[in-house]
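Welcome! Take a few minutes to explore this structure with some short exercises, each followed by a worked solution.

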Amino acid sequence: MSNQSSMETPGNDLGPVICVVGARPNFMKMAPILRAMAAHVPPLPVLLVHTGQHYDKDMSDRLFEDLRLPRPDVNLEVGSGTHAIQTAEVMRRFEPIVDTHKPSCVAVVGDVNSTLACSLVAVKKGVPVVHIEAGLRSYDRAMPEEINRILTDQISDRLYTTERTAEENLRLEGIPSTRVCFAGNVMIDSVVFGRSSARSAADTLQACDADVSVLNHPHGYGVVTLHRPSNVDHPETLRALLGVLGEVAARLPLVFALHPRTRSNIERFGLMDLIDPTRMVLLPPQGYLEMLGLMSGATVVLTDSGGLQEETTALGVPCLTLRENTERPITVEQGTNILVGRDREAILGAVQEILAGNGKRGRVPEFWDGHAAERIAADLYQWLMSRKPQAALKSTTP
């Protein structure tokens, strides 16, 4: 049974909310939204569209299972490609879905290519766009995600923010506050929901036939993820980062969940000899519950992921972000995150502080409480209902 038909109720004549997921981070953000829409009284009718931008079938299947996310009603199966090809192909395949199902709105999350592509299709067809996780800015336009964020916000009709400073970012770009609702962080809803089911670090390592003894170090262990092109696509940059991680591993064993792109480049550039297998455990890409368990028990997380910056703040785990900027400054201002870039001295100094017991613990920001999706569902229903007379008037106007 489709999500759309299962959520319809007598007398509820709203068209479906088309909810779009594309790449891995979208899954964690959309799962609580779908649960909240189903639990709302009355339920909001939903059509879940998976663009297939994240094209690892096994990983996608695990994410759906871990997050208890319903299977998509539609899978566009777009797959990989350049930014232009992927964006264009999502648009081409998404347009007939909008034509067929006549949605009340299209809801997108985050900043991946699917987010912008589906938003462009919707706005050009006069369908309202709802952007969840709006207003985040790194102010680095060399990041493709930054372009996606800016453009999606500009064409969105309802914008849900994760932190209060995001509304100021939107105001400076000419978006009125009447279009913005501060709802909190749906990524944290998934952390709260999944934490009790998270898999232990020992179970995860055993399942990968990895050395579990690294977890018994007096200082614990660190978790590493790297995937951004700026960090992993250039041989000298990747060599330098692996060198610093090797120095960290001499003080604290590291569990490195290797993104396929990162593993491929390490092998292609001949850098595997920089990794000491007795101090750095390499794992294949992990499911959501495995990563949640690894992070929950970690002494420190070293990453270039935006989502992990948020999750570590919610978990109270020190995070060192291997980037020069972040679109999630609240994780630095209030949370556990420190921007260290690729600066060897900054990385090693921060690790030493953490091992000395002086790691940054921060606090959990406002509305990062596990109920953001409920606030979004309640506001979205009221907003859609308030638009019905306007929509009816437009449809009868010559």
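The exercises below concern a predicted model and deal with cysteines, helix packing and one strand residue.

**Exercise 1: Cysteines**

Find how many disulfides the model contains, and work out why Cys118 is not in one.

*Solution.* Start with the cut-off: a disulfide needs two cysteine sulfur atoms within 2.5 Å. Next, look for the cysteine sulfur closest to that of Cys118; it belongs to Cys19 and lies 11 Å away, so the two are too far apart for a bond. By this rule, the count for the model is zero disulfides.

Now sort two cysteines by exposure: are Cys118 and Cys208 buried, partly exposed or exposed? Buried means under 20% relative accessible area, and exposed means over 50%. Cys118 has 0% relative accessibility, so Cys118 is buried. Cys208, with a relative accessible area of 28%, is partly exposed.

**Exercise 2: Helices H11 and H16**

Describe how H11 and H16 pack against each other.

*Solution.* First locate the helices: H11 covers residues 235-251 and H16 covers residues 344-358. Their axes lie 10 Å apart, at an angle of about 20°. Angles under 35 degrees count as roughly parallel, so H11 and H16 are roughly parallel to each other. Their crossing is right-handed.

Then turn to the residues that meet. H11 contributes Val244, Glu247, Val248 and Arg251, while H16 contributes Arg344, Ile347, Leu348, Val351, Gln352 and Leu355. Sorted by class, this contact of H11 with H16 has six nonpolar, one polar and three charged residues.

**Exercise 3: Helices H13 and H14**

Repeat the analysis for H13 and H14: at what angle do their axes cross?

*Solution.* Helix H13 (residues 288-296) and helix H14 (residues 306-315) have axes that come within 10 Å and cross at roughly 55°. H13 and H14 are therefore oblique to each other. The crossing of H13 past H14 is right-handed.

On the H13 side, the contact is made by Tyr288, Met291, Leu292, Met295 and Ser296; on the H14 side, by Leu308, Glu311, Thr312 and Leu315. By class, the contact of H13 with H14 has six nonpolar, two polar and one charged residues.

**Exercise 4: Thr225**

Place Thr225 in its strand and decide whether Thr225 is buried or exposed.

*Solution.* Thr225 is part of strand S8, residues 222-225. With 11% relative accessibility, Thr225 counts as buried. Leaving aside residues up to four places away in sequence, Thr225 touches Phe256, Ala257, Met291, Leu302, Thr303, Asp304, Ser305 and Leu308. Finally, compare chain and space: Thr225 and Asn265 are 40 residues apart along the chain, and their C-alpha atoms are separated by 14 Å.

Methods
Residues are numbered from 1 along each chain as its sequence is written. This is a predicted model: local features need pLDDT of at least 70, side-chain atom pairs count only at pLDDT 80 or more; totals for chains, interfaces and linings use all residues. Side-chain values use heavy atoms; hydrogens and water are left out. Buried means under 20% relative accessible area, exposed over 50%, partly exposed in between (1.4 Å probe, protein chains only). Axes are lines fitted to C-alpha atoms, for helices over the stretch in contact, and angles run from 0 to 180 degrees between N-to-C directions. Helices (H or I, at least four residues) and strands (E, at least two) are DSSP runs, numbered from the N terminus. Angles under 35 degrees count as roughly parallel, over 145 as roughly antiparallel, 65 to 115 as roughly perpendicular and the rest as oblique. A crossing is left-handed if the near helix is turned anticlockwise from the far one by less than a right angle, and right-handed if clockwise. Contact means heavy atoms within 4.5 Å. Ala, Val, Leu, Ile, Met, Phe, Trp, Tyr, Cys and Pro count as nonpolar, Asp, Glu, Lys and Arg as charged, and the others, Gly among them, as polar.
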